[in-house]
Amino acid sequence: MTEKYFYLETFGCQMNVVDSEQMVEILQGLGYGQTDAAENADLILLNTCSIRAKAERKVYGHLGSFKPLKERNPNLILAVGGCVAQHEGERMLKKVPYLDFVFGTHNVHRLAELVQNAEAKLGRGLLVDFLDEEQRRQLFPARRPSREISRFVTIVQGCDNFCAYCIVPYVRGREVSRPSAEVLAEVRSLIDQGTAEITLVGQNVNSFGVKEGEEISFAELLRQVHDLPGLQRLRFITSHPKDLSDDLIECFGSLDKLCKHLHLPVQAGSDRILEAMGRGYSRDQYLNKVEQLRRACPEIRLTSDVIVGFPGEDEDDFEQTLDLLRRAQFAEIYSFIFSPREGTAAAELTDDTPAEIKQQRFDRMLALQEEITRRFHEEDVGKVLPVLVEGESRQGGGQLFGRTSWNRIVNFKADASLVGRIVPVRLIEAQRNSHIGVVESEGSAAS
Ligand code: SAH
Ligand code: SF4
Ligand code: F3S
């Protein structure tokens, strides 16, 4: 029996993470084992993200680094999937002559034929057709359950919002939701296999089922998933502020397994820029939602995404963003300098802010947020918090890791038998991306 191996790298958001899980299943079905070493692989696959131009450029650079492997082993199959593949399509095959096949975001389920054609040396493959909404509703991946403690479950694919800067609706297509019965069935089967934490995912989960005329709202789906026996924790990502309903906000006060963390991307703090982005809310409306969330659940922690240097952003607009960060007190933000993306509305706008000014604004914003974030992290030292133990820590040394309800990673020494359980952990030191903790005796967790 010949052994063959694939090497898979995943970039981008939770949607790609879920797609990669499906790719792994398909490749295993073809007899491939997974390897962490590209140089040992018979098949190298990149699942790519095109949200910013830099991410896209990196893919080409990365493919270049595999060229020597391909020269050494002519049987090596090199392939690209994901959003760059969807967006670039045939251009990719032209630019990278040693690439075997390219497949888009709607064709993950057809990976097996592409691999088999490549194995049989039937020529280079290209599959980037868009499927219609009905076809895509049939294609929500029904994945094999695994023993992992924390799993993503897709409930919405694609996006209909067309924010002026964003490429996602073009690479992922129109929004489609999965029937709630199917979602509940998948969660049940994951729990049966030992999953403790479920994260419901979509680009905008708040509009779940609206188009489909689904009988239940996202808030109701959340309640039903929450009530499934055996589930320990529940999260969801991402929420669009314009669709964050009162009912959903109340869930943070009433559902005890729902983690006290919400990622609520604001993008900008100036009404003028929010309008130009087509976000559908004003800064006051956003800040009101924040206040409402804190009223429903005083311990909730919020995180956000912010774009700096959107076309037309002036100093005053930018100051408004800083002001919003001070008021909203996010625990963390993911900030980006605007990147014009081909085909989007914002790519057509006049953008006369010099790059150095954008960089300076970006640095100022980072400095402000770092101060806010550091305060949260320092304030948490000494607290005893419930942590869901997920597995061995990347830091090694026999440590385990888990996350707090706020989604903060904690590393600590403990027996592996705790994996899958929520245990009280005292935070003893704040590091940049995680805390160090010690497990407390049972029954002393505070929140
Ligand atoms: N669906 C999510 C966002 C997904 S993309 C939402 O609506 O919030 C993740 C983040 O990338 C966005 O929130 C935005 O901050 C950033 N982003 C998207 N397009 C961008 C662009 N063209 N330039 C810079 N940042 C961008
Ligand atoms: Fe992009 Fe806006 Fe859709 Fe988010 S809601 S994926 S930012 S278009
Ligand atoms: Fe990137 Fe595609 Fe997600 S562009 S952010 S991987 S939907």
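Author: Helices (H or I, at least four residues) and strands (E, at least two) are DSSP runs, numbered from the N terminus. This is a predicted model, where local features need pLDDT of at least 70, side-chain atom pairs count only at pLDDT 80 or more, and totals for chains, interfaces and linings use all residues. Residues are numbered from 1 along each chain as written, chains are lettered from A and ligands numbered from 1 in written order, and side-chain values use heavy atoms, without hydrogens or water.

Reader: How many helices and strands are in the protein?

Author: The protein has 15 helices and 19 strands. Its radius of gyration (over C-alpha atoms) is tested against the globule rule, 2.2 Å times the number of residues to the power 0.38. The radius is 23 Å and the rule gives 22 Å for 447 residues, so the protein is as compact as a globular protein of that length. The C-alpha trace spans about 60 × 60 × 45 Å along its principal axes.

Reader: Which residues does UniProt list for "domain: TRAM"?

Author: UniProt positions use the numbering here, with shortened feature names, and annotations may be inferred rather than shown by experiment. The unreviewed UniProt entry gives residues 378–441 for "domain: TRAM". That stretch is 52% strand and 5% helix, with its end C-alpha atoms 23 Å apart. The unreviewed entry also lists "domain: MTTase N-terminal" at residues 4–120. Here the span is 49% helix and 21% strand, and its end C-alpha atoms lie 15 Å apart.

Reader: Which residues come nearest to ligand 1?

Author: A residue is near a molecule if one of its heavy atoms lies within 4 Å of it. Ligand 1 has 15 residues around it, and Gln203, Pro265, Gln267, Asp305 and Ser339 come nearest. Sort a shell by class: Ala, Val, Leu, Ile, Met, Phe, Trp, Tyr, Cys and Pro are nonpolar, Asp, Glu, Lys and Arg charged, the others, Gly among them, polar. The shell of ligand 1 has seven nonpolar, four polar and four charged residues.

Reader: What lies 2.7 Å from an oxygen atom of ligand 1?

Author: Look for polar contacts, pairs of N or O atoms within 3.5 Å. A side-chain N or O atom of Gln267 is that partner. A polar backbone atom of Tyr165 is 3.0 Å from a nitrogen atom of ligand 1. Arg52 puts a polar side-chain atom 3.3 Å from an oxygen atom of the ligand. Accessible area comes from the Shrake-Rupley method with a 1.4 Å probe. Alone, ligand 1 has 540 Å² of it, and the protein covers 90%. Strand E13 (301–308) and strand E14 (332–337) are the elements that give two or more residues to its shell.

Reader: Why does ligand 1 lie between domain 2 and domain 3?

Author: Domain bounds come from an automatic or database assignment. Domain 2 (147–259) and domain 3 (265–379) both give residues to the shell, so ligand 1 lies between them.

Reader: Which residues are around ligand 2?

Author: Among them are Cys159, Cys163, Cys166, Tyr165 and Gln203. By class, the shell of ligand 2 has seven nonpolar, three polar and one charged residues. Around ligand 3, the residues include Cys13, Cys49, Cys83 and Gln203.

Reader: Where is the cis peptide bond?

Author: Most peptide bonds are trans, and most residues other than glycine have a negative phi. The bond from Ile237 to Thr238 is cis, with omega near 5°. Thr238 sits in the loop between strand E11 (233–237) and helix H11 (246–254). Lys121 has a positive phi, near 50°. Its loop runs between helix H6 (111–119) and strand E6 (125–127).

Notes: A polar contact is a pair of N or O atoms within 3.5 Å; within protein, one must be able to donate a hydrogen and the other to accept it, and residues adjacent in sequence count only if both atoms are side-chain atoms.
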